[in-house]
Amino acid sequence: DQGIPPKLCTFHWDGKMIATLENHQVSEERLAVIVGDASELKLLAVPSYKKATDQMIGSVIADLTMKQLMEWNCSDQIVNMTFDTTTSNTGHQSAACIAIQDRLQRALLWLGCRHHIGEVLLSNVFNALRIETSKSPDITLFTRLRSNWDLLPHTSEQAAIFQSTDYSPEAQELLAVMKADTLACIAGVSEFVRDDYCEFKDLSLVFLGAADDELHYRRPGALHKARWMAKLIYSLKIALDEKVIEQLPSGTITFGNQMTKIREFSTFITHVYCMWWLTCKNAVDAPWNDLQLFKRLLQYQLICD
């Protein structure tokens with residue numbers, strides 16, 4: 001049953017590597033294509049495709065999505081597209097967003113995933129601290145964390161919670177206000193749609209010394225640099241296990257002053273980034289949320305330039 005598409009449609013696509021239907025040990029690229037409006041969404045198809053180069057993937061995605069839009073007779077109703085902010089989608093020449101508009105012969109509203117937009121800020125802070133200098137696809141600091149996971153406590157019983165006493169009185173006062181704002185924001189979130197989002201929230205509460213119960217840490221999984229949630233979750237786990245990590249031989253998990261930088265990063269994400277991240281998913285609130293984030297960034301200069 002195709003149904004009747006809404007008068008004005010948004011469509012979203014997202015590619016994933018998943019197991020084939022014939023053999024769960026063999027993986028293939030598939031692209032989910034979804035169309036709808038605020039009241040109804042329809043999954044059009046999840047076609048498979050061969051992995052292409054960065055220069056060609058935009059055309060591949062455009063061809064697959066256009067085929068589904070034409071088959072459902074809704075290409076004329078498309079006014080908006082939502083997407084992850086990867087280079088294959090948002091590049092200025094041959095990426096999917098450009099290629100789709102070329103095939104439709106008109107401009108569309110671009111609505112990038114708000115969480116992925118925030119990844120740009122997060123990556124800039126992570127890189128500015130020079131926590132990781134390796135050129136490998138994985139973050140080697142997190143790789144060492146995973147390899148030596150059994151050497152660390154797996155609960156928050158021995159957690160090294162945040163202490164503001166190392167800062168000036170003015171900075172301590174600002175940090176206290178930011179902490180209170182973050183905790184109030186966390187308390188106002190009633191549901192988390194993904195387990196890793198909830199895990200980030202729980203780890204933040206432990207770091208801020210506001211967790212009600214002992215937390216059991218999950219074993220590290222994906223570590224690729226493109227996994228932006230890894231930067232949040234694994235940095236907090238390292239910071240919370242600081243006391244134990246410092247007793248291990250140098251290089252087991254951290255080198256040199258990496259731990260200090262991880263603590264600085266964890267302080268930033270719990271006092272500044274977390275509040276924006278929890279409230280950013282509604283696009284209609286984006287101007288206000290981004291303005292509040294900019295304000296907090298300016299204030300945070302008192303703590304760390």
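These legends accompany several close-up views of the predicted model shown above.

Residues are numbered from 1 along each chain as its sequence is written, and side-chain values use heavy atoms, leaving out hydrogens and water. Because the model is predicted, local features need pLDDT of at least 70 and side-chain atom pairs count only at pLDDT 80 or more, while totals for chains, interfaces and linings use all residues.

**View 1. The largest nonpolar core, with 57 residues.**
Let's start inside, with F200, I269, Y273 and W277, the members that touch the most others in this core. A nonpolar core here is a set of buried Ala, Val, Leu, Ile, Met, Phe, Trp, Tyr and Cys residues joined through side-chain atoms within 4.5 Å. Buried means under 20% relative accessible area, exposed means over 50%, and partly exposed lies in between (1.4 Å probe, protein chains only). At least two core residues come from each of α4 (114–128), α5 (140–147), α6 (169–187), α7 (195–207), α8 (228–240), α9 (242–245), α10 (258–279) and α11 (286–300). Of these, α10 gives the largest share, 11 residues. Helices are DSSP runs (H or I, at least four residues), as strands are (E, at least two), numbered from the N terminus. In soluble globular proteins, nonpolar side chains tend to be buried together.

**View 2. I269 and its neighbours.**
Leaving aside residues up to four places away in sequence, I269 touches L122, F200, L232, L236 and C274. Contact means heavy atoms within 4.5 Å. A separate second core, with 25 residues, includes F11, V33, I61 and I78.

**View 3. Helix α6 and its two sides.**
Helix α6 has 19 residues and spans 27 Å from its first C-alpha to its last, close to the 27 Å expected at 1.5 Å a residue. That expected span is 1.5 Å times one less than the number of residues. The buried residues of α6 are A171, L174, L175, M178, T182, C185 and I186. They cover an arc of only 110° around the axis, so they sit on the same side of α6; the arc is that of the directions from the helix axis to the C-beta atoms. These buried residues pack against α7, α10 and α11. P169, E173, A184 and A187, on the other side of α6, are exposed.

**View 4. Helix α8, mostly covered.**
How many of the residues of α8 are buried? The count is 13 of its 13 residues. From first C-alpha to last, α8 reaches 19 Å, close to the 18 Å expected at 1.5 Å a residue.

**View 5. Salt bridges from E71 to K67 and around E199.**
A salt bridge is a side-chain nitrogen of Lys or Arg within 4 Å of a carboxyl oxygen of Asp or Glu, and by this rule the count comes to 11. E71 and K67 meet in one of them, at 2.7 Å, N to O. They are 4 residues apart in helix α1 (residues 57–71), so about one helical turn separates them. Both ends are partly exposed: E71 has a relative accessible area of 41%, and K67 has 45%.
R218 forms a salt bridge with E199, with the closest N and O atoms 4.0 Å apart. This pair links distant parts of the chain, 19 residues apart: R218 lies in the loop between α7 and α8, and E199 in helix α7. R218 is partly exposed at 42% relative accessible area, whereas E199 counts as buried at 11%. E199, R218 and K237 are linked in a network of salt bridges.

**View 6. K201 and D202, a salt bridge between sequence numbers 201 and 202.**
The closest N and O atoms of K201 and D202 are 2.8 Å apart. K201 counts as buried at 15% relative accessibility, while D202 is partly exposed at 22% relative accessible area.

**View 7. Cysteines without disulfides.**
A disulfide is a pair of cysteine sulfur atoms within 2.5 Å, and a search of the whole structure finds 0 of them. Why is C74 not bonded to C9? The sulfur of C74 is 5.4 Å from that of C9, its closest cysteine sulfur, which is too far for a bond. C74 is buried, with a relative accessible area of 0%. C113 is in no disulfide either, as the nearest cysteine sulfur, in C280, is 7.3 Å away. C113 is partly exposed, at 24% relative accessible area.
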